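The exercises below ask the reader to work from a sequence and a three-dimensional model towards a description of how the chains are built. Each task is followed by a solution that proceeds step by step.

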Amino acid sequence: MKLTRRLMISALGLAMTVATPSFAAAEGTIAIITPSHDNPFFKAEAVGAEARAKELGYDTVVMVHDDDPNKQLELFNTAIGQGVKAIILDNAGADATVAAVQAAKDAGIPSFLIDREIKESGIAVSQIVSNNYQGAQLGAEEFVKLMGETGKYAELLGREADTNAGIRSSGYHDIIDQYPDMEMVAQQTANWSQTEAYTVMETILQANPDIKGVISGNDTMAMGAWAALEAAGRTDVIVVGFDGSNDVRDSIKAGGIKATVLQPAYRQAQLAVEQADAYLKNGSTGVDEKQLMDCILINAENADKLETFALAE
Amino acid sequence: MRAMTAILGLSLAVALGACKIVPNPEPGSENAASQTDEDRMAAKAAEVYDSQLVPYVSGKAIDLPVLTSALHGGYEAAGKAHGIRPQAEGSPWNFLVKGQGTVIEANRESRAATLTLDATGDGQADVTIQLGPVIKGTALRDSADFIVFTDYRDQIEFAKLARALNDRTHAAITLPEGDLTGKTVRFEGATTLRSATDPILVVPTVLDVQP
């Protein structure tokens with residue numbers, strides 16, 4: 001329902017743009033397509049991209065695919081039909097998205113991808129993604145330090161089908177596994193979900209009451225785990241997350257969760273728009289298609305500088 | 001894994017009442033499509049390491065004092081003059097560096113073994129050489145201008161490549177047994193620096209103990 005409403009508003013906005021050319025931006029329209037804004041991470045992307053596009057003189061259409069590749073393809077067809085100048089996309093699947101991006105390319109509309117990759121290069125103009133491997137290693141180094149290099153811990157994994165779940169886990173283990181006194185007693189998926197993480201954490205706690213730390217594949221699962229630990233009176237357990245959400249920032253500031261890793265989602269979305277602008281004006285972005293953006297460790301020292309997936313200078 | 005599959009296959013065969021021996025698959029008989037990311041990237045690392053990467057580092061490495069004095073002039077300036085970095089906003093500079101120094105600390109017990117060198121004769125640490133088996137970071141991969149992320153399927157593959165190159169480095173290191181403290185060591189290698197004051201942590205492509 002929500003999507004339908006958003007779409008209708010988007011379509012209405014577009015129709016108005018066409019109907020009232022005196023108000024239309026000179027540079028044309030950029031479509032911004034992401035997963036559901038229920039997750040503040042994706043909302044930050046949309047807000048960042050939209051703000052930059054407006055600054056650069058574009059109109060915007062903001063749409064959500066809810067991680068449904070079919071819906072995403074429909075949105076692409078809509079955008080193609082409307083004749084947008086470029087598409088900024090956080091996609092709904094590394095394999096399934098290839099066809100949608102190819103369709104836009106065939107229609108002469110360049111796509112600029114953020115956050116998630118697709119499994120082909122040469123179809124999108126840019127693919128700008130967080131360096132999840134580097135970020136996970138940062139988080140793991142902090143986790144090991146907080147654990148005093150020793151003790152029992154659990155790992156919460158993201159959704160198995162998601163590339164980022166695997167890469168973060170391997171980044172964590174490339175660091176943690178070199179410390180022989182760090183003992184993983186549980187490794188379970190909570191599918192990126194806060195409520196699932198709560199339940200999983202409860203079960204892990206029952207089986208391993210002597211647990212000392214939890215390293216989580218993202219912040220929403222870290223929040224779920226922390227809630228379960230709090231409910232069990234186990235606020236001594238060290239929790240480290242990944243993403244850099246405002247929720248985890250607030251928990252860090254309140255002495256709850258100990259650390260997270262910021263993905264520069266807001267800047268990433270802005271950068272994609274800048275590259276779209278450069279491409280539309282000069283026929284080239286001037287940089288490689290695939291770009292890895294480094295992540296930043298967030299702990300009590302810098303948490304108060306974090307706001308909506310961006311770190312103040 | 002292979003052994004497990006064989007055992008599983010065997011027990012299934014027994015369970016089915018057939019007296020059939022399931023042979024292990026012949027090593028090297030898999031085609032590229034059935035290889036894991038890890039295997040493919042290990043093969044890629046093997047292909048480029050000796051033939052391209054080692055000579056590339058030798059050809060481009062600057063002397064350690066050149067790097068340290070450039071860093072005194074500021075991180076960005078040093079990077080622009082001598083560094084290599086991927087074309088992505090916020091990427092740190094990587095440097096290829098060579099030199100020699102006296103071992104002032106040898107940590108060979110850790111999985112992340114290191115040698116710390118004094119290169120200026122003041123008794124202070126100037127550079128730390130990573131020996132592995134655990135080698136941190138992606139300095140080798142990211143300082144090679146012929147390795148480009150766009151050419152790889154995704155981050156997983158690209159991370160495995162970095163790891164495989166680090167593994168090659170560890171495998172290539174041959175050091176005499178015993179305490180190396182006080183010995184002179186010559187090195188060439190790559191380092192990633194995130195600021196001018198970051199400790200210089202080198203992944204070596206050349207490492208010799210001088211007689």
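**Exercise 1.** Which residues touch the most other members of the largest nonpolar core?

Solution. The structure is a predicted model, in which local features need pLDDT of at least 70 and side-chain atom pairs count only at pLDDT 80 or more, while totals for chains, interfaces and linings use all residues. Residues are numbered from 1 along each chain as its sequence is written, and chains are lettered from A and ligands numbered from 1 in the order in which they are written.

Begin with the terms: a nonpolar core is a set of buried Ala, Val, Leu, Ile, Met, Phe, Trp, Tyr and Cys residues joined through C-beta atoms within 7 Å. A residue is buried if 20 or more other C-beta atoms lie within 10 Å of its own, exposed if 12 or fewer, and partly exposed in between, with C-beta atoms placed from the backbone. The largest core has 140 residues, and those touching the most other members are A:I30, A:I88, A:A225 and A:A272. In general, nonpolar side chains tend to be buried together in soluble globular proteins.

Next, follow one of these residues outwards, taking two residues to be in contact if their C-beta atoms, placed from the backbone, lie within 7 Å. Leaving aside residues up to four places away in sequence, A:A272 touches A:A49, A:I88, A:F112, A:I114, A:S126 and A:I128.

**Exercise 2.** Determine the strand order of the sheet of 6 strands in chain A, and place a helix upon that sheet.

Solution. Helices (H or I, at least four residues) and strands (E, at least two) are DSSP runs numbered from the N terminus, and two strands pair if DSSP finds at least two bridges between them. The 6 strands form an open sheet with parallel pairing, in the order β2-β1-β3-β4-β5-β11 of chain A. Its edges are β2 (59-64) and β11 (290-293) of chain A, each of which pairs on one side only.

For the angles, axes are lines fitted to C-alpha atoms, for helices over the stretch in contact, and angles run from 0 to 180 degrees between N-to-C directions. Neighbouring strands of this sheet are turned by 15° against each other on average, with direction ignored. Helix α2 (residues 40-55) of chain A packs on the sheet and touches β1 (29-34), β2, β3 and β4 of chain A, its direction making about 170° with that of β1(A).

Within the sheet, β3 (residues 86-89) and β4 (residues 111-114) of chain A pair in the parallel sense over 3 bridges, and A:I88 stands opposite A:F112 in β4(A).

**Exercise 3.** Repeat the analysis for the sheet of 4 strands in chain A.

Solution. This open sheet has the order β7-β6-β8-β9 in chain A, again with parallel pairing. Its edge strands are β7 (182-189) and β9 of chain A, each pairing on one side only, and the twist averages 20° from one strand to the next. The parallel strands β6(A) and β7(A) are joined by 7 bridges, and A:Y153 has A:M184 as its bridge partner in β7(A). Helix α6(A) packs on the sheet, touching β6, β7 and β8 of chain A, and its direction makes about 165° with that of β6(A).

**Exercise 4.** Is helix α8(A) mostly covered or uncovered, and what lies over its buried residues?

Solution. First check the length: the expected span is 1.5 Å times one less than the number of residues, so the 13 residues of α8 (residues 219-231) of chain A should span 18 Å, which agrees with end C-alpha atoms 18 Å apart. The helix is mostly covered, with 10 of its 13 residues buried, among them A:D219, A:M221, A:A225 and A:W226. The cover includes β6 (151-157), α7 (194-207), β8 (213-216), β9 (238-240), α9 (246-253) and β10 (260-262) of chain A. Just after α8(A), A:G233 takes a positive phi of about 70°.

**Exercise 5.** How many residues does each chain bring to the contact between chain A and chain B?

Solution. Chain A gives 23 residues and chain B gives 19. On the side of chain A, α5 (132-146), α6 (163-176) and β11 each supply at least two residues, and the largest share, 5 residues, comes from α6(A). Chain B itself has 6 helices and 6 strands, and 35% of its 211 residues count as buried.
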